[in-house]
Amino acid sequence: PPLPLAMLWAAYGWAAEDESGWRAPLTLTLFGLLHDQLAGGPYGLFAVLYLAAYLIGRGAAVVMSAPNLISLWGGFIFTTVITVGIAAVIAPLALGDNVSIIPYAEAATITAILFPLVRPLYMSAAPSLRLQPGTRR
């Protein structure tokens, strides 16, 4: 059975919590390269997917700014769907035309389904520290 991709949770959590330093992208890149090594594929595929999830998550966190589960879950589902689309474009370039993204899509779906269960472990229930449009410091 497909396993959840915990790095997608981490990418979205760091993006939603406004982890704006260099550590989050660097950590995602390193774990993406490690995932590439363990998967036996070309280097960079999972690193690109995890960084894309981080960047998409930063945008989704602004749009889905309410600190309730439905809003956060919706933003995460949006993020995973877009990463599946990115995988559909990048995987054939990296692995050839006969590659299937179905295993990644299944893992992303499982990850999205389990999001409400793991979110309290790493994301605070308080509103994000990120400035929302129209607010002042």
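At what angle do α3 and α4 pack, and how far apart are their axes? The legends below begin with this pair.

**View 1. Packing of α3 against α4 in a predicted model.** The model is predicted, so that local features need pLDDT of at least 70 and side-chain atom pairs count only at pLDDT 80 or more, whereas totals for chains, interfaces and linings use all residues. Residues are numbered from 1 along each chain as its sequence is written, and side-chain values use heavy atoms, with hydrogens and water left out. Helices α3 and α4 pack at an angle of about 150°, with their axes 9 Å apart; axes are lines fitted to C-alpha atoms over the stretch in contact, and angles run from 0 to 180 degrees between N-to-C directions. The two helices are therefore roughly antiparallel to each other, a term for angles over 145 degrees. The crossing of α3 with α4 is right-handed, that is, the near helix is turned clockwise from the far one by less than a right angle. Contact (heavy atoms within 4.5 Å) is made by L45, V48, L49, A52, A53, I56, G57 and A60 of α3 and by G75, F78, T79, I82, T83, I86, A87, I90, A91 and L95 of α4. These residues divide into 14 nonpolar, four polar and no charged, where Ala, Val, Leu, Ile, Met, Phe, Trp, Tyr, Cys and Pro count as nonpolar, Asp, Glu, Lys and Arg as charged, and the others, Gly among them, as polar.

**View 2. Surroundings of T79 in α4.** T79 is found in helix α4, which spans residues 69-95. The residue is buried, with a relative accessible area of 2%; buried means under 20% relative accessible area, with a 1.4 Å probe and protein chains only. Leaving aside neighbours within four places in sequence, T79 is in contact with Y12, A53, I56, G57 and A60.

**View 3. Crossing of α1 and α3.** The axes of helix α1 (residues 6-16) and helix α3 (residues 45-63) come within 8 Å and cross at roughly 40°. The pair is therefore oblique, as angles from 35 to 65 or from 115 to 145 degrees are classed, and the crossing of α1 and α3 is right-handed. On the α1 side the contact is made by M7, L8, A11, Y12, W14, A15 and A16, and on the α3 side by Y50, A53, Y54, G57, R58, A60 and A61. The residues of this contact divide into 12 nonpolar, one polar and one charged.

**View 4. Helix α1 and the largest nonpolar core.** Nine of the 11 residues of α1 are buried, so this helix is largely enclosed by the rest of the structure; W9, A10 and G13 are among the buried residues. The largest nonpolar core (buried Ala, Val, Leu, Ile, Met, Phe, Trp, Tyr and Cys residues joined through side-chain atoms within 4.5 Å) has 28 residues, and those with the most contacts inside it are L8, Y12, Y50, F76 and Y104. Two or more residues come from each of α1, α2 (23-39), α3, α4 and α5 (102-122), and α1 gives the most, with eight residues. F76 touches L8, W9, Y12, T111, A112 and F115, not counting residues up to four places away in sequence.

**View 5. The whole chain.** The chain has five helices and zero strands, where helices are DSSP runs of H or I with at least four residues and strands are runs of E with at least two. Buried residues make up 34% of its 137 residues.

Terms used: Buried < 20%, exposed > 50% of the residue type's maximum accessible area, 1.4 Å probe, protein only.
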